[in-house]
Amino acid sequence: MGFIELFLLAVGLSMDAFAVSVCKGLAMRRITIQKASIVGLWFGGFQALMPLVGYFLGVQFQDKITAIDHWIAFILLGIIGINMVREALSGDCENTSDSLDVKTMFVLAVATSIDALAVGITFAFLQVEIIPAVSFIGVTTFILSAAGVKIGNVFGTKYKAKAELAGGVILILLGIKILLEHLGIF
């Protein structure tokens, strides 16, 4: 996986966290660097951790399903992307509060990074260098989430749906690209 694909994947995966961060920013009266950093650390940390866990799970089964790994990557990325597009089109901002307590942030971080677990499984099949990849995904998510808090506070939910829609489309297109490459078409 090249840098461009990894960058697009990182942006696509971070769009759920970005959308929730926009909602967090919308709920906050006053934004500080500390608040934006807390949100970014939670989301970026889990976006890095979940593909790492998925990778180690995928490595356990890699030799058993190598012949169909491209189909698995295509299906997982397609499902994740379609769900993101569907959420974007629903247009709601799930009653997000301004709370940054551990329980609230843990639940949100897990919820926004479940798709990254599935991507980590595909990383095992694609033989991606996992540490640089998950680090890049985590940093990208941190930056976009911290920015999302500020954007939500300033602009409201104007960009939430567009971000989720873009993220979903990116993941679907990456899944199609992986499939076409393995079939020798691309």
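The following exchange discusses a predicted model, its annotated spans and its aromatic pairs. Because this is a predicted model, local features need pLDDT of at least 70 and side-chain atom pairs count only at pLDDT 80 or more, while totals for chains, interfaces and linings use all residues. Residues are numbered from 1 along each chain as its sequence is written, and side-chain values use heavy atoms, with hydrogens and water left out.

Trainee: How far apart are the end C-alpha atoms of residues 39-59?

Mentor: The unreviewed UniProt entry annotates residues 39-59 as one of its transmembrane regions, and such annotations may be inferred rather than shown by experiment. The span is 100% helix and 0% strand, where helices are DSSP runs of H or I with at least four residues and strands are runs of E with at least two. Its end C-alpha atoms are separated by 31 Å.

Trainee: Why is the pair of F3 and F136 classed as it is?

Mentor: Rings of Phe, Tyr and Trp (its six-membered ring) pair if their centres lie within 6.5 Å, with planes under 30 degrees apart stacked, over 60 edge-to-face and the rest tilted. The centres of F3 and F136 are 5.4 Å apart and their planes stand at 65°, so the pair is edge-to-face.

Trainee: Is Y55 buried or exposed?

Mentor: Y55 forms an edge-to-face aromatic pair with F56, and F56 is partly exposed at 47% relative accessibility. Buried means under 20% relative accessible area, exposed over 50% and partly exposed in between, using a 1.4 Å probe and protein chains only. At 17% relative accessibility, Y55 is buried.
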